[in-house]
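Q: Could you take a close look at one residue and what surrounds it, and then widen the view step by step to the rest of the chain? I would like the steps of the reasoning spelled out carefully.

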Amino acid sequence: MSNNHPVSVVAIDGPSASGKSTVSKRVAQELKFTYVDSGSLYRGMTWKALRDGVEIGRPDQVIELMNRMKLEFYTENRVVLFTMDGEDPGQQIRSEPVRENVADIAAIPEVRVFMVDRLREMVRFGDIVMEGRDIGTVVFPESPFKYYLDADPEERARRRSLELKSMEGVDDVGKVLDSLARRDRKDSTRKTAPLQIALGARVINSTSMTIEEVVALITAEVRAALGQ
Ligand code: C5P
C-alpha cells in the first residue's frame, strides 16, 4: 500500500460479455493496481455449496455454510485469489453447474452483505481495480473512478459465441447463450443490488471500440486525476 495517498479503487460494472473482465485486468496491469474479480466470489460460494451438497434452493443452508467456512484471500501477481476451507476452486468456478446456479446464490441478501464486506476489505491489498455488478452502486459508491461498460446486445452475443467456441466442453453455443441471457435478466431484476448504472459512473459503450481504446480511456482518466 502507498504511504501517503489514500487507496484508489477503480470500479467497473456491466453485464456479461461487455468486455468487463478483459478491460479490468488490463487496466489493473497498466496502472499496477491489484485486480479483484468480485464475480469469482459469488461463483466460489456457488461451487462450495454444490460441492458440500447444500441445496441451492435452501438459502438458510447456504448461509449456514457461508458463515461456517473458512475464506482466505491472497494475491498472486497482483491478482486476488482465495481458498474456501483450504481449497482453491480454480477453474471449477467456470463450470456449467456453477454458471447455472450463481445468479440464485448472488440474489440471497445475506450472501450479498457478507461478500460486500469481504470486497470492501480488499483495500488492504492497496490500489485496486474491481469488476462486478454492484461495485459502483454498493461496494465503493464513493470512488471517483466508476465505470459502466456496455455493448449492444448483438455485439455481446457475438463476443460470447466467440469466447464459448474457444472453450473446451461447450458444444451447444445456443444453449449457453440462452443461459447467459437468463442470468443477465436475473442480475438486472433481483431485489437486492441489481445491476444498475451507478450515480456518477461513466458509461462506456464498447460496441465499436477496441479493448485497447477502452483501456486507454480509463487509465488516462485515472492517471490524470491522480496527477500521474
Ligand atoms: O462476473 P461474472 O459473470 O463472473 O459473475 C457471475 C455472477 O455473479 C453474476 O452473474 C452475478 O449473478 C454475480 N455477481 C454479483 N455481483 C457482483 C459480481 C457478480 O451478483 N458484484
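A: **A close look at Tyr42**

Tyr42 counts as buried because its relative accessible area is 5%, and the cut-off for a buried residue is under 20%. This value, like the others below, is computed from a predicted model. Tyr42 sits in helix 2, which covers residues 38–51.

What does Tyr42 touch, once its neighbours within four places in sequence are left aside? The residues in contact with Tyr42 are Val102, Ile105, Ala106, Val111, Arg112, Met115 and Val116. One of them, Ile105, is 63 residues from Tyr42 in sequence, yet the C-alpha atoms of Tyr42 and Ile105 are 7.1 Å apart in space.

Several of these partners lead to helix 4, which spans residues 96–106. Val98, Arg99, Asn101, Val102, Ala103, Ile105 and Ala106 are the buried residues there, and Val102, Ile105 and Ala106 are also among the contacts of Tyr42. Some of the numbers in such a list are three or four apart, and a general rule helps in reading them. An α-helix has 3.6 residues a turn, so residues three or four places apart point the same way. Against which helices do the buried residues of helix 4 pack? They pack against helix 2 and helix 3 (59–68), and also against helix 5 (109–120) and helix 8 (173–189).

The next step is to turn from helices to strands. Strand 6, made up of residues 145–150, has five of its six residues buried, so the rest of the structure largely encloses it. Strand 6 runs parallel to strand 1, to which four bridges join it, and in this pairing Asp13 is found opposite Tyr148. Strand 6 is also joined by four bridges to strand 7, again in a parallel arrangement, where Tyr147 has Arg202 as its bridge partner.

Two serines lie on either side of strand 1. Ser8 belongs to the segment before strand 1, and its relative accessibility of 7% is why Ser8 counts as buried. Beyond four places in sequence, Ser8 touches Phe33, Asp127, Ile128, Phe145 and Leu226, and Phe145 belongs to the residue range of strand 6. Ser8 and Val222 are separated by 214 residues in sequence, while their C-alpha atoms are 9.1 Å apart in space. Ser16, in turn, is placed in the loop between strand 1 and helix 1, and with a relative accessible area of 12% Ser16 is buried too. Not counting residues up to four places away, Ser16 touches Arg133, Arg156, Arg160, Leu180 and Asp184. From Ser16 to Arg156 is 140 residues in sequence, but 7.9 Å in space between C-alpha atoms.

A different arrangement of strands is found further along the chain, where strand 3 (residues 71–76) and strand 4 (residues 79–84) run antiparallel and are joined by six bridges. Tyr74 is paired with Leu81 of strand 4. The hairpin has two residues between its strands, and Asn77 takes a positive phi near 50° there.

That sign of phi deserves a remark, since most residues other than glycine have a negative phi. Lys32, although it is not a glycine, has a positive phi of about 60°, and Ala193, likewise not a glycine, has one of about 45°. Are these two residues buried or exposed? Lys32, in the loop between helix 1 and strand 2, is exposed, with a relative accessible area of 58%, whereas Ala193, in the loop between helix 8 and strand 7, is buried at 16%.

Finally, these parts can be set within the whole protein, which has nine helices and seven strands. Its 228 residues would give a compact globule a radius of gyration near 17 Å, and the value of 17 Å for the protein agrees with that. The C-alpha trace spans about 50 × 40 × 30 Å along its principal axes. Buried residues, Tyr42 being one of them, make up 49% of the 228 residues. Among contacts between residues at least 6 apart in sequence, 74% join residues at least 24 apart, and the pair of Tyr42 and Ile105, at 63 residues apart, illustrates such a separation.

How values were computed. Residues numbered from 1 in each chain as written. Predicted model: local features only at pLDDT ≥ 70, side-chain atom pairs only at ≥ 80, totals over all residues. Heavy atoms only, no water. Pairing = 2+ DSSP bridges. Rg over C-alpha atoms; globule rule 2.2 N^0.38 Å. Buried < 20%, exposed > 50% of the residue type's maximum accessible area, 1.4 Å probe, protein only. Contact = heavy atoms within 4.5 Å.
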